[in-house]
Amino acid sequence: MADVVSKTALDCGIVIEDDWPGYNIDLFSSPTHYSGDLECVYIPHGVIMDRTERLARNIMDDLGDHDLVVLCVLKGGYQFSADLVEGIKTLSRNSNRSIPMRVHFIRLKSYLNDQSTEDLQIIGAEDLSFLNGKNVLIVEAIVDTGNTLKMLLKHVEGFRPKMIKVAGLLVKRVPHSVACLPDYVGFEIPNRFVVGYALDYNEYFRDLDHICVLSETGKMKYKI
Ligand code: IMP
């Protein structure tokens with residue numbers, strides 16, 4: 001895990017500044033069932049895919065020839081994980097270095113509406129003893145305060161893997177983040193609640209390709 005103090009510009013990924021207004025939602029295609037629910041397209045799907053392709057290359061450069069257990073953090077991480085694994089597979093096919101991969105899933109839940117709760121649950125796959133002695137790549141869609149990642153790392157470390165690396169698509173700039181960052185970061189984003197590309201708001205918006213900001217109407221409509 002990279003230390004916050006020693007992070008370099010590239011470690012942060014693509015930095016999206018606080019004043020980034022996003023793109024007008026009507027400039028892109030999105031499902032009509034969400035019309036009025038989104039304020040803007042924050043990161044278009046094509047940009048996510050291009051960035052993911054590069055992260056796959058970085059992982060390949062660092063870890064090529066190692067056996068890897070990819071640990072996908074559900075539910076939000078399924079799309080990023082699938083595209084990242086696909087990217088690594090493509091590179092493996094087209095070069096003389098290759099990474100044999102196994103893929104496992106772990107489900108975590110800590111959010112209600114757009115607020116983090118203290119109550120973090122690991123659902124299923126509590127026994128990760130198969131990770132003993134393995135090289136593990138945790139794939140997480142978004143790191144906010146970092147509490148989820150910190151707790152997951154502690155849990156995974158307990159099973160004594162040989163190495164743990166973390167790939168996070170999004171890292172939020174938040175005032176009280178815990179001092180741990182993914183080793184591979186897609187984008188650093190402002191402290192805004194985003195949905196799409198498998199990220200949800202009370203289980204809605206996973207079926208949206210772009211990463212978008214919710215409108216107030218959307219927040220009210222799907223509030224629990
Ligand atoms: P943390 O423990 O504060 O880092 O929160 C990380 C978890 O909160 C992620 O795994 C997501 O499930 C959820 N989360 C945090 N921010 C967002 C967001 O903007 N959209 C959707 N889910 C989020």
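This report describes the ligand site, a pair of helices and two backbone details of a predicted model.

## Basis of the model

Local features in this predicted model need pLDDT of at least 70, side-chain atom pairs count only at pLDDT 80 or more, and totals for chains, interfaces and linings use all residues. Residues are numbered from 1 along each chain as its sequence is written, and side-chain values use heavy atoms, with hydrogens and water left out.

## The shell around the ligand

The ligand has 15 residues around it, where a residue counts as near if one of its heavy atoms lies within 4 Å. Asp144, Thr145, Gly146, Thr148 and Val194 come nearest. By type, the shell holds six nonpolar, four polar and five charged residues. Here Ala, Val, Leu, Ile, Met, Phe, Trp, Tyr, Cys and Pro count as nonpolar, Asp, Glu, Lys and Arg as charged, and the others, Gly among them, as polar.

Oxygen atoms of the ligand take part in polar contacts, which are pairs of N or O atoms within 3.5 Å. A polar side-chain atom of Thr148 lies 2.4 Å from a ligand oxygen. For Asp144, a backbone N or O atom is 2.8 Å from an oxygen atom of the ligand. In Lys172, an N or O atom of the side chain lies 2.9 Å from a ligand oxygen. On its own the ligand has 490 Å² of accessible area, and the protein covers 90% of this; such areas come from the Shrake-Rupley method with a 1.4 Å probe.

Two elements, β6 (135-143) and α3 (147-157), each give two or more residues to the shell. β6 gives the most, with three residues. Helices (H or I, at least four residues) and strands (E, at least two) are DSSP runs, numbered from the N terminus.

## Helices α1 and α2

The axes of α1 (residues 45-63) and α2 (residues 78-93) come within 8 Å and cross at roughly 55°. Axes are lines fitted to C-alpha atoms over the stretch in contact, and angles run from 0 to 180 degrees between N-to-C directions. The two helices are therefore oblique to each other, since angles under 35 degrees count as roughly parallel, over 145 as roughly antiparallel, 65 to 115 as roughly perpendicular and the rest as oblique.

## Two backbone details

Leu74 and Lys75 are joined by a cis peptide bond, with omega about 0°. Lys75 is in the loop between β3 (68-74) and α2.

Tyr197 is not a glycine, yet has a positive phi of about 50°. Tyr197 sits in the loop between β9 (194-195) and β10 (211-214).

Conventions
A polar contact is a pair of N or O atoms within 3.5 Å; within protein, one must be able to donate a hydrogen and the other to accept it, and residues adjacent in sequence count only if both atoms are side-chain atoms.
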